[in-house]
Amino acid sequence: MNRRDEIAQNLLAVQSKITRPDITLIAVTKTYPVSDVEILRELGVRNFGENRNEEGLEKAAQVEGRWHFQGEIQSRKLRDIAQWADVIHSLDQLSHAQKLEALLTKPIDVFLQLSLDGDPSRGGVRREDLNS
């Protein structure tokens, strides 16, 4: 079996488990080569996830899609992430949101991690800081 057939078979197996139309499949491409991402694109996948900025920069430049940054954000990498990501998952510091806003050159959807109990060991933006 060639690589394209292997990826197609695995994709069909995953898609068969998605039973609702409101669920979005995000193919996480961490550590996989650009050639695999290109195959996924040919097979109809449009949402790709990366948690490494360097890989995201490279792959997003080569494969059109809706790119999701998934992972812990380092403040010094926000500028690069803002260049290639269309969605950022789990923004957990208000300072990162403020810095990101200043860097934006295009719209980016953001999932904000909210801390309901304010415990700093678990991360997340405190509810009382949302209006800042």
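This passage describes the sheet, the salt bridges and a nonpolar surface patch of a predicted model.

The sheet is open and consists of 5 strands, arranged in the order β1-β2-β3-β4-β5 with parallel pairing. Strand β1 (27-28) and strand β5 each have a single partner strand and stand at the edges, so one side of each is left without a neighbour in the sheet. In general, the strands of a sheet pair through backbone hydrogen bonds, and the pairing is either parallel or antiparallel.

At the β1 edge, β1 and β2 run parallel and are joined by 2 bridges. Here Val28 stands opposite Gly49 of β2. The connection between these two strands includes helix α2, residues 34-42, and together β1, α2 and β2 make a right-handed β-α-β unit. Strand β2 spans residues 47-50 and is covered on both faces. Asn47 and Gly49 are buried on one side, and Phe48 and Glu50 are buried on the other. Gly49, the residue opposite Val28, thus belongs to a strand whose two faces are both covered, given that buried means under 20% relative accessible area.

Strand β2 also pairs with β3 (residues 66-70), to which it runs parallel and is joined by 4 bridges. Asn47 has Arg66 of β3 as its bridge partner. A right-handed β-α-β unit is again found here, made by β2, helix α3 (residues 53-62) and β3.

At the β5 edge, β4 (residues 87-91) pairs with β5 in the parallel sense over 3 bridges. Leu91 stands opposite Leu112 of β5. Strand β5 covers residues 109-112. Leu112 has a relative accessible area of 41% and is partly exposed. This residue also contributes to a nonpolar surface patch of about 430 Å², which is made by Leu112 together with Val110, Leu114, Leu116 and Leu130. Leu112 can be counted in such a patch because its relative accessible area of 41% meets the requirement of over 30%.

Across the whole structure, 11 salt bridges are found. In general, side chains of opposite charge can pair when their charged atoms come close. One of the salt bridges lies in helix α1 (residues 3-15), where Glu6 and Arg3 are 3 residues apart, about one turn of the helix. The closest N and O atoms of this pair are 3.2 Å apart. Both partners are partly exposed: Glu6 has a relative accessible area of 33%, and Arg3 has one of 35%.

A second salt bridge joins the side chains of Arg52 and Glu55, with an N to O distance of 3.3 Å. Arg52 is partly exposed, at 38% relative accessible area, whereas Glu55 counts as buried at 15%. The threshold for burial is under 20%, so the value for Glu55 falls on the buried side.

A further salt bridge is formed by the side chains of Glu128 and Arg126, at 3.4 Å from N to O. Glu128 counts as exposed, with 54% relative accessibility, while Arg126 is partly exposed, with a relative accessible area of 36%. Elsewhere, salt bridges with shared partners join Glu50, Arg52, Glu55 and Lys59 into one network. Of these residues, Glu50 is one of the buried residues of strand β2.

Terms used
Residues are numbered from 1 along each chain as its sequence is written. This is a predicted model: local features need pLDDT of at least 70, side-chain atom pairs count only at pLDDT 80 or more; totals for chains, interfaces and linings use all residues. Side-chain values use heavy atoms; hydrogens and water are left out. Patches are made of residues with over 30% relative accessible area and no salt bridge: like charges are joined within 9 Å, nonpolar side chains (Val, Leu, Ile, Met, Phe, Trp, Tyr) within 5 Å. Accessible areas come from the Shrake-Rupley method with a 1.4 Å probe; for residues, only the protein chains shown count as cover. A salt bridge is a side-chain nitrogen of Lys or Arg within 4 Å of a carboxyl oxygen of Asp or Glu. Buried means under 20% relative accessible area, exposed over 50%, partly exposed in between (1.4 Å probe, protein chains only). Two strands pair if DSSP finds at least two bridges between them. A crossover is right-handed if, with the strands pointing away from the viewer, the path from the first strand over the helix to the second runs clockwise.
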